[in-house]
Amino acid sequence: MTVLQRDRVRWAWGLGALVLLAWSLAGAGLFSGAVVNGAGVRQFGRFAAGALSPATDGAFLGVLASSVLVTVAYAALGAALAVGLGAVGALAVARTTWGRRRLGWALARGALAVPRGLHEAVWGLLLVNVVGLDPWVGVLAIGVPYGAVTAKVFADLLDEVPRGPYDALVAAGAGPVVAALYGLLPAASGGLLSYSFYRLECAVRSAVVLGLIGAGGLGYQLSLSFSSLRWPQVWSCVYALSALCVLAVVAGRAVRRRVADPRPAGDRLRRDPLLTGAVLTTLAAVVWSWWYLAVSPATLVSDRTAAQLRYLLAAAWPPDVDGPLLSAVASAAVDTVQMSVIAIAVATLGAVLLAGVAAHPERPSVLRRVAGAVVRAGLLLLRAVPPPVWALVLLFVLLPGVLPGALALGVYTLGVLGRLAAEAVEELDPRPRAALAALGARPVAGWLYGVLPDATGPVLAYALYRWEVALRDSVLVGLLGAGGLGALLASRLAVFDWGAVTTVLAALVLLTAAVDLVSARARAALR
């Protein structure tokens, strides 16, 4: 493809994105009718004022500490299960395992679409109908979907490893599994370890989200405080959650940087104390979590669980395909797409505006250092608070509908995308901006002409990745009343209409796969 053709393709994608955004904003009612709830401004002010006076009484702090331990336990066990399932699944879906049998490889990859396409909250609501109010609900709700994602990433890492040792072992008579363990795993171990700790970071946030739907922990306490309008307690929960996220992010980033940093040749045979300590600490946390939550494998194989599972499968099949339901599913799917598009547009715009300030410059002034710290702390707060909480906050000043859910997702996604955009800016070549500064250009001009052109590609690629995540998260805010497929799913679950639940879940999976395909094509056009 020539440069001119590539530019035309990019302009076509850009124009299509603008049309999609305009359609989404119109569907959210931004251009027709009132969207602001003036009566809620005073309550929003009380909420904001609570940030300066969080609850610090001993009784509540004791409850908060217990909630944090529950959240950590769910995150540790869920992430451990995800890594275990991902390791097994990676061997089943790796291209290396299937060789030239493309049909088998495609079917194995396709099987991962179902667990990946459903949000952890959806898994939680389904599992509570199988195992009841048991700690396994939170652990499996994190482990199953994360396990499918981890299997895909692990398989990609294994496929990128040189195949020489693997082919030699196969030629010597070793089976595919043994050959992969000894021929591919050692070379891919650094990337596998790095991604495993990243999954642990994500599991902390997922454990909080599951708490919002009743699984316990910090999210549950946050929900209780919010529903009773106890704003000081809400902010204490938010600050505790932010501290937990900071700890997870800092620890995970330290591990990933150590894995990415090649050690001197003489030190490669010795164990890295940081990586060894991180692995041992994580294993100890998993063992402690098993004891603290008192999970029992007997629950999963009990007669009651088997009976509930048989009943659920029988009631859920065949799916309900009557006309009114399909019409409702189609309308809810449109709302879900519009919600995700508005969210990713808000997040992308905010990330572009804040990335330069949030990035760590080489020689910052005192003012620049302070501004960067404030922006990074703000981004951390945005991504620490789950989207449903932002939706409830926005409902103080916005009328119910798609728009509050979309903006809540946008605010949360900005916290994540802003951090990724700042890291992308930090990795750019500083020489173009330095050259412009040497010629007398102002800092704003240096940013517009020396940084922004090179940062656009990576930031848009990150935004397209986050669009897929925003679509899944839109189901979460929908479950709590923001509309879309999540709201429809919640209404069908409330009356135990399992045939309709299957139809809605199938629509979710298909919609996620469609967005995944469109996102992949758009990222290819940006390259």
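These exercises, each with a worked solution, concern the predicted model shown above.

Residues are numbered from 1 along each chain as its sequence is written. Local features need pLDDT of at least 70 and side-chain atom pairs 80 or more, while totals for chains, interfaces and linings use all residues; side-chain values use heavy atoms, without hydrogens and water.

**Exercise 1. Describe the overall make-up of the protein.**

Step 1. Count the secondary structure. The protein has 25 helices and zero strands. Both are DSSP runs numbered from the N terminus: helices are H or I with at least four residues, strands are E with at least two.

Step 2. Assess burial. Of the 527 residues, 45% count as buried. Buried means under 20% relative accessible area, exposed over 50%, and partly exposed in between, with a 1.4 Å probe and protein chains only.

Step 3. Take the surface. The protein exposes about 25800 Å², and carbon and sulfur atoms supply 69% of that area. The method is Shrake-Rupley with a 1.4 Å probe.

Step 4. Check the contacts (heavy atoms within 4.5 Å). Among those with a separation of 6 or more, 78% come from residues 24 or more positions apart.

**Exercise 2. Place glutamine 233 and explain its burial class.**

Step 1. Glutamine 233 is in helix H13, residues 231–260.

Step 2. Its relative accessible area is 16%, so glutamine 233 is buried.

Step 3. Set aside residues up to four places away in sequence. Glutamine 233 then touches Ala55, Phe60, Gln221 and Ser225.

**Exercise 3. Analyse the aromatic pairs at tryptophan 235 and tryptophan 291.**

Step 1. Search the whole structure. There are nine aromatic pairs. The rings are those of Phe, Tyr and Trp (its six-membered ring), with centres within 6.5 Å; planes under 30 degrees apart are stacked, over 60 edge-to-face, and the rest tilted.

Step 2. Tryptophan 235 and tyrosine 239 form a tilted pair, 5.7 Å centre to centre with 40 degrees between the planes. The two are separated by about one helical turn, because they are four residues apart in helix H13.

Step 3. Compare accessibility. Tryptophan 235 is buried at 9%, whereas tyrosine 239 is partly exposed at 36%.

Step 4. Tryptophan 291 and tyrosine 292 also form a tilted pair, at 6.3 Å and 50 degrees. Tryptophan 291 is exposed at 63%. Tyrosine 292 is partly exposed at 29%.

Step 5. Extend the network. Ring pairs link Trp235 and Tyr239 with Phe47, Phe226 and Trp231 into a cluster.

**Exercise 4. Identify the best-connected members of the largest nonpolar core.**

Step 1. Define the core: buried Ala, Val, Leu, Ile, Met, Phe, Trp, Tyr and Cys residues joined through side-chain atoms within 4.5 Å.

Step 2. The largest core has 110 residues; Phe47, Val122, Phe226, Leu485, Leu489 and Leu505 touch the most other members.

Step 3. Follow one of them. Beyond its neighbours within four places in sequence, leucine 485 contacts Val329, Ala332, Ala333, Thr336, Val504, Leu508 and Leu511.

**Exercise 5. Locate the backbone exceptions.**

Step 1. Recall the background. Most residues other than glycine have a negative phi, and most peptide bonds are trans.

Step 2. Tryptophan 317 and proline 318 are joined by a cis peptide bond, with omega about 5 degrees. Proline 318 lies in the loop between helix H16 (303–316) and helix H17 (323–358).

Step 3. Alanine 294 has a positive phi near 55 degrees. Its loop runs between helix H14 (273–293) and helix H15 (297–300). At 59% relative accessibility, alanine 294 is exposed.

Step 4. Phenylalanine 496 has a positive phi of about 55 degrees. The loop between helix H24 (484–494) and helix H25 (498–526) holds phenylalanine 496. Phenylalanine 496 is exposed at 53%.
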